[in-house]
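Please look over the model below before reading on. My notes go from the whole chain to a single residue.

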Amino acid sequence: MDIIWLGHSSFRIEIGDQVLLVDPWVTGNPVFPEDRRAEAIKGATHILVSHGHGDHASDAVAIAAELSIPVVGIYDLMSWWQGQH
């Protein structure tokens, strides 16, 4: 297992053939170099979002759409996003 900190509360967790992005805030994150975005999300299989604050969730929908992967999170946020997209 590899756990890679992407800044703030964002992590990339590699477990076997699964790559989890946890609270993937990569746009505007002051400690994450945006030129490493492609590297950070490459091969991701799932996104986990803890809650709906922008510094945890703002990139989740765009990354999920770009990579065609699911997002898992609290019911209220997931239901709201489904209604928006």
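Here are my points, in order.

1. This is a predicted model. The chain has four helices and five strands. In sequence order they run β-β-β-α-β-α-α-β-α.

2. On overall dimensions, the chain agrees with the rule for a compact globule. For 85 residues that rule puts the radius of gyration near 12 Å, and the chain has 12 Å. The C-alpha trace spans about 30 × 30 × 20 Å along its principal axes.

3. On packing, 36% of the 85 residues count as buried. Take the contacts with a sequence separation of 6 or more: 48% of them join residues 24 or more positions apart.

4. On the surface, the accessible area is about 5,000 Å². Carbon and sulfur atoms make up 59% of that area. The chain carries 4 positive and 11 negative charges. The mean positions of the two sets lie 8 Å apart.

5. Now to Ser9. This residue sits in the loop between strand S1 (2–7) and strand S2 (10–15). Is Ser9 buried or exposed? Its relative accessibility is 17%. The cut-off for buried is under 20%, so Ser9 counts as buried.

6. What does the side chain of Ser9 make a polar contact with? The partner is the side chain of His56, at 2.9 Å. His56 is also among the residues in contact with Ser9 once neighbours within four places in sequence are set aside. The others on that list are Val22, Asp23 and Asp55.

Conventions:
Residues are numbered from 1 along each chain as its sequence is written. This is a predicted model: local features need pLDDT of at least 70, side-chain atom pairs count only at pLDDT 80 or more; totals for chains, interfaces and linings use all residues. Side-chain values use heavy atoms; hydrogens and water are left out. Helices (H or I, at least four residues) and strands (E, at least two) are DSSP runs, numbered from the N terminus. Buried means under 20% relative accessible area, exposed over 50%, partly exposed in between (1.4 Å probe, protein chains only). A polar contact is a pair of N or O atoms within 3.5 Å; within protein, one must be able to donate a hydrogen and the other to accept it, and residues adjacent in sequence count only if both atoms are side-chain atoms. Contact means heavy atoms within 4.5 Å. The radius of gyration is taken over C-alpha atoms; the globule rule is 2.2 Å times the number of residues to the power 0.38. Accessible areas come from the Shrake-Rupley method with a 1.4 Å probe; for residues, only the protein chains shown count as cover. Lys and Arg count as positive and Asp and Glu as negative; His and the chain ends are not counted. The place of a charge is taken as NZ of Lys, CZ of Arg, CG of Asp or CD of Glu.
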